[in-house]
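Please look through the structure below with an eye to how charged side chains pair along and between helices. The paragraphs that follow go from the rule for pairing to individual pairs, and then to a residue of another kind.

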Amino acid sequence: MSTEAMHAVQSLKIARSSSPAKVGEVMEGRVGRLLKVDAEAVLAELRRQNEWEMALKVFAFIRKEVWYKPDLSLYSDMIFMVAKNKMTEMAEKLFSELKKEGLEPDTRAYTEMIGAFLQVGMVDKAMEQYSAMKDSGCAPDKLTLTILIKNLHKAGEEELASSVEKDCAQYVDFPERFIEEIKKQHAKRRSIKLV
């Protein structure tokens with residue numbers, strides 16, 4: 001990360017404790033003068049530090065820049081960040097915005113949304129997202145299936161977990177081995193928590 005980008009991150013964090021007007025000044029001044037690569041580095045660093053409020057502001061600012069082009073990976077990163085902070089409505093908003101920008105959600109974007117819903121116990125919404133993913137032609141990957149199976153078992157949703165496990169035959173090689181590995185990991189975690 002360049003020195004300018006590091007200074008921008010620090011300035012944003014300092015401005016946040018002052019006032020919204022000060023944050024706006026830093027956005028227009030320091031962030032607005034950054035090259036594309038440095039602006040993206042600022043956003044990545046704020047996400048890394050879990051400074052979600054500042055990251056959302058920088059993301060909104062970047063989206064107004066002349067050089068900005070809609071980026072599915074960037075949206076997925078943002079959805080992951082807000083989901084980690086249990087901000088499901090914001091995750092849904094970002095997912096909707098990526099579509100408005102002409103992007104088609106990929107496996108990762110759908111998986112991030114599934115994770116966002118499971119993070120807050122919204123099993124029905126997670127399963128709706130999973131169905132939408134398959135209907136769109138995106139194939140669930142091992143991460144998608146692992147997240148679903150583990151969380152459905154954890155939530156006591158055995159029928160739903162079983163239906164996802166059946167889907168494994170269609171999406172992964174050696175599905176029995178894959179499911180067995182997930183169950184071993186889940187059992188290991190449960191025994192560690194009981195100790």
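A salt bridge is counted here when a side-chain nitrogen of Lys or Arg lies within 4 Å of a carboxyl oxygen of Asp or Glu. The model is a predicted one, in which local features need pLDDT of at least 70 and side-chain atom pairs count only at pLDDT 80 or more, while totals for chains, interfaces and linings use all residues. Residues are numbered from 1 along each chain as its sequence is written, and side-chain values use heavy atoms, with hydrogens and water left out.

Side chains of opposite charge can pair when their charged atoms come close. By the rule stated above, the count comes to 13 salt bridges. One of them joins Arg 48 to Glu 45, with the closest N and O atoms 2.6 Å apart. Both residues belong to helix H3 (residues 36-48), where they sit three residues apart, about one turn of the helix; helices are DSSP runs of H or I with at least four residues, numbered from the N terminus. The two partners differ in their surroundings, for Arg 48 is exposed, with a relative accessible area of 58%, whereas Glu 45 is buried at 14%. In these terms buried means under 20% relative accessible area, exposed means over 50%, and partly exposed lies in between, using a 1.4 Å probe and protein chains only.

A pair with the same kind of spacing is found in helix H2 (residues 20-31), where Lys 22 and Glu 25 are three residues apart and thus separated by about one helical turn. Their closest N and O atoms are 3.7 Å apart, and Lys 22 counts as partly exposed at 37% relative accessibility.

Which residue forms a salt bridge with Glu 165? The partner is Lys 183, the closest N and O atoms being 3.8 Å apart. Because Glu 165 lies in helix H10 (residues 158-171) and Lys 183 in helix H11 (residues 175-194), this pair ties together parts that are 18 residues apart in sequence. Glu 165 counts as buried at 14% relative accessibility, while Lys 183 is partly exposed at 38%. Elsewhere, salt bridges that share partners join Arg 47, Asp 77, Arg 108 and Glu 112 into one network.

The last residue to consider is Thr 88, which is found in helix H6 (residues 88-100). Thr 88 is buried, with a relative accessible area of 9%. Leaving aside neighbours within four places in sequence, Thr 88 is in contact with Ala 116, Phe 117, Val 120 and Met 122, where contact means heavy atoms within 4.5 Å.

How values were computed: Helices (H or I, at least four residues) and strands (E, at least two) are DSSP runs, numbered from the N terminus.
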